[in-house]
Amino acid sequence: MRLSSPIRHSLVLLLSVTILSGSLVAQERAQEQDIFTHITTQSSGGQVTITQPNWLRSVVGKSFHTPSGIITGYRIQVYTSNMRGAKQEAYRLASQLRGAAPELSSYVTYSAPFWRLSLGDYASRHEAQQQLNALRASHPRLMREAYIVREKIRVR
């Protein structure tokens, strides 16, 4: 698949601006100006001219969220079973964990034939691993078989 020259140039410019904006975030916040103004007003002795579509200037530096608040992320799976009484056990553990760690969201789900109990909403695996390590240290009996799973999570 070949991209036309104007689209290719726009994509290269967008990538360049994104990289530059990441390195200039601290300066940007202190000076309250956008990256385009910052680049074109630098006193380095040269002249910089930026040519891009108007819509690009309006979206650079903004964060985008999914409208539904649901993204693919990670949770800590504490319990899974398809044995008789698994539903009651999942809810019992969820109640016990709510008492031990009330700041964590708990999710009891059924996906035939398994009942599962998962904790938290983490955007990165690293975040989930840090929380799992902390929970294992504070509640080793409850977390002995816990592991990280990739799931759809709620964004707050």
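Buried here means under 20% relative accessible area, exposed means over 50%, and partly exposed is whatever falls in between, using a 1.4 Å probe on protein chains only. This is a predicted model, where local features need pLDDT of at least 70, side-chain atom pairs count only at pLDDT 80 or more, and totals for chains, interfaces and linings use all residues. Residues are numbered from 1 along each chain as its sequence is written, and side-chain values use heavy atoms, with hydrogens and water left out.

Let's start with helix H5. Helices (H or I, at least four residues) and strands (E, at least two) are DSSP runs, numbered from the N terminus. H5 covers residues 86-100, and its 15 residues reach 21 Å from first C-alpha to last, close to the 21 Å expected at 1.5 Å a residue (that expected span is 1.5 Å times one less than the number of residues). Ala86, Ala90, Leu93, Ala94 and Leu97 of H5 are buried. Looking down the axis of H5, you'd find these buried residues within an arc of 105°, so they line one face of the helix; the arc is taken from the directions from the helix axis to the C-beta atoms. Over on the other side of H5, Gln88 and Gly99 are exposed.

What do the buried residues of H5 pack against? Their partners are strand S1 (70-81), strand S2 (106-111) and strand S3 (114-122). S2 and S3 run antiparallel and are joined by 6 bridges, where strands pair if DSSP finds at least two bridges between them. One such link has Tyr107 with Ser118 in S3 as its bridge partner, and a hairpin through 2 residues takes S2 into S3.

Before S2 comes a loop from H5, and Ala101 sits in it. Ala101 counts as buried, at 5% relative accessibility. Its C-alpha is 9.9 Å from that of Ser138, although the two are 37 residues apart along the chain.

Now for strand S1, home of Ser81. Ser81 is buried too, with a relative accessible area of 11%. A polar atom of the Ser81 side chain lies 3.1 Å from the backbone nitrogen of Met83. Setting aside neighbours within four places in sequence, Ser81 is in contact (heavy atoms within 4.5 Å) with Ala86, Pro113, Phe114 and Trp115.

That leaves the charged pairs. Side chains of opposite charge can pair when their charged atoms come close. The structure holds 3 salt bridges, each defined as a side-chain nitrogen of Lys or Arg within 4 Å of a carboxyl oxygen of Asp or Glu. Arg75 forms one with Asp121, with the closest N and O atoms 2.9 Å apart. Since Arg75 lies in strand S1 and Asp121 in strand S3, the pair ties together parts 46 residues apart in sequence. Arg75 is buried at 6% relative accessible area, and Asp121 counts as buried at 14%.

Arg75 also meets Glu151 in a salt bridge, at 3.0 Å from N to O. This pair links distant parts of the chain, with Glu151 in strand S4 (residues 147-154) and Arg75 in strand S1, 76 residues apart. Glu151 is partly exposed, with a relative accessible area of 23%.

Back on H5, Glu89 and Arg92 meet in a salt bridge of 2.7 Å, N to O. They are 3 residues apart in the helix, so about one helical turn separates them. Glu89 is partly exposed at 26% relative accessibility, as is Arg92 at 43%. By contrast, Arg75, Asp121 and Glu151 are joined into one network by salt bridges that share partners.

How values were computed: A polar contact is a pair of N or O atoms within 3.5 Å; within protein, one must be able to donate a hydrogen and the other to accept it, and residues adjacent in sequence count only if both atoms are side-chain atoms.
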